[in-house]
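Work through the exercises below with the sequence and the 3D structure open. Each task is followed by a solution in steps.

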Amino acid sequence: MPLAPPNPEDVHVWQVSLDVEDDELRALTSVLSADERERTSRFVRPRDASRSAAAHGHLRQLLGHYLDRPAAEVALGVGPHGKPFVSATGAGWLRFNMSHSGDRGLIAIANGREVGVDVEQFQPELPDPELGKLFAPAEQRALSALTAGDYIDQYFTLWTRKEAVVKGLGVGLLVPLDGVDVLNDRVRLTADLARNLPPVSTSTWNVRSLRQGENYFAAVAVQAPAAATSRQAYSHFPHRSERTR
Ligand SMILES: CC(C)(COP(=O)(O)OP(=O)(O)OC[C@H]1O[C@@H](n2cnc3c(N)ncnc32)[C@H](O)[C@@H]1OP(=O)(O)O)[C@@H](O)C(=O)NCCC(=O)NCCS
């Protein structure tokens, strides 16, 4: 059964497990392109290689469900800064982004709007204070008002939101991240930064944190439709699904 595209105002966010049994790993690896196999073989640690293969295999399977074609035949391209996209004919509506950390992968699917997603495994150590410079002035003020325990949670919250936005824009972490303010769900980009970004940055962007239990933080960012808020349908692929709002 093919999966229906999200409504244009929705984003589907799928959670996948990257630590899979050998049989499943073989099945997931079998759908990878030669290029993807070569990239997974570059990992030194076997666990990193198998997690990468699982992430890309799940991604292909999921895209195949939406496009109603075999996973191995989903044609993918990459943008100028490395953001992957579906290049198959008839798939013009489908925008996606993937993130993985530890044994968890998230894949966000949107209809006609750019989307970015980030998941990070929680690390209990306080981050290097120098990294505070990656936050916008309003974000830094919010962080500095917090106690150590709250600081680290908020740090991961803001970081995943920020990374989801720059992945949505397709530029990744190459841009000055203190120009991206994700304190509120409506993203604010400084004028200086926006001047140097691709045209998609002139849209309004919305970002939302996703519940991920204690060990992971995650967020999804999506190019907004005119004057509407976005919703996420949040599902575990291929097992179960729930709707957050
Ligand atoms: C893209 C980037 C944000 C990924 O950060 P990360 O925390 O290591 O990884 P995540 O798990 O969140 O995301 C990785 C996935 O994002 C996607 N991705 C890669 N480049 C991307 C980009 N520019 N924009 C959006 N998504 C991107 C891929 O699916 C990638 O999966 P893969 O590494 O298994 O192929 C980071 O590597 C970055 O900023 N790179 C800068 C861009 C760059 O150096 N490009 C070089 C090629 S021109």
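**Exercise 1: two domains**

The centres of domain 1 and domain 2, taken over C-alpha atoms, lie 23 Å apart. The model is a predicted one.

Task: Give the bounds of the two domains, then state how many residues each brings to the contact and which elements of domain 1 take part.

Solution.
- Step 1. The domain assignment places domain 1 at 1-111 and domain 2 at 113-225.
- Step 2. The contact takes 21 residues from domain 1 and 21 residues from domain 2.
- Step 3. On the side of domain 1 that touches domain 2, two or more residues come from each of β1 (10-17), β4 and β5 (104-111).
- Step 4. β4 provides the largest share of that side, with seven residues.
- Step 5. Sorted by class, the side of domain 1 that touches domain 2 has eight nonpolar, nine polar and four charged residues.

**Exercise 2: the shell around the ligand**

Task: Find which residues come nearest to the ligand, and which domains and elements the shell draws on.

Solution.
- Step 1. There are 18 residues around the ligand, and those that come nearest are Gly 82, Lys 83, Ser 99, Gly 172 and Leu 173.
- Step 2. Domain 1 (1-111) and domain 2 (113-225) each give at least three residues to the shell.
- Step 3. At least two residues of the shell come from each of α3 (46-67), β4 (94-101), β6 (115-121) and α5 (148-169).
- Step 4. β4 gives the most to the shell, namely four residues.
- Step 5. By class, the shell holds five nonpolar, nine polar and four charged residues.

β4 thus appears in both exercises: it has the largest share of the side of domain 1 that touches domain 2, and it gives the most to the shell around the ligand.

**Exercise 3: α1 against α3**

Two packed helices are described by the angle between their axes and the distance between the axes.

Task: Describe how α1 and α3 cross, and name the residues that make the contact.

Solution.
- Step 1. The axes of α1 (residues 22-30) and α3 come within 8 Å and cross at roughly 60 degrees.
- Step 2. An angle from 65 to 115 degrees would count as roughly perpendicular, and one under 35 as roughly parallel. α1 and α3 are therefore oblique to each other.
- Step 3. The crossing of α1 past α3 is left-handed.
- Step 4. Leu 25, Leu 28 and Thr 29 of α1 meet Ser 50, Ala 53, Ala 54, Gly 57 and His 58 of α3.
- Step 5. The contact of α1 with α3 has four nonpolar, four polar and no charged residues.

**Exercise 4: α2 against α3**

Task: State how α2 is directed relative to α3, and which residues form their contact.

Solution.
- Step 1. The axes of α2 (residues 34-41) and α3 come within 8 Å, crossing at roughly 155 degrees.
- Step 2. Angles over 145 degrees count as roughly antiparallel, so α2 is roughly antiparallel to α3.
- Step 3. α2 and α3 cross in a right-handed way.
- Step 4. From α2 the contact uses Glu 36, Thr 40 and Ser 41, and from α3 it uses Ala 49, Ser 52, Ala 53 and His 56.
- Step 5. These residues divide into two nonpolar, four polar and one charged.

**Exercise 5: α4 against α5**

Task: Repeat the description for α4 and α5.

Solution.
- Step 1. The axes of α4 (residues 137-144) and α5 come within 9 Å and cross at roughly 155 degrees.
- Step 2. α4 is therefore roughly antiparallel to α5.
- Step 3. Their crossing is right-handed.
- Step 4. Glu 139, Ala 142 and Leu 143 of α4 make the contact with Tyr 151, Gln 154, Tyr 155 and Leu 158 of α5.
- Step 5. The contact of α4 with α5 has five nonpolar, one polar and one charged residues.

Conventions
Residues numbered from 1 in each chain as written. Predicted model: local features only at pLDDT ≥ 70, side-chain atom pairs only at ≥ 80, totals over all residues. Near = placed C-beta within 6 Å. Nonpolar A, V, L, I, M, F, W, Y, C, P; charged D, E, K, R; others polar. Domains from an automatic or database assignment. Contact = placed C-beta atoms within 7 Å. Axes fitted to C-alpha atoms, helices over the stretch in contact; angles between N-to-C directions. Left-handed = near helix turned anticlockwise from the far one by under 90°.
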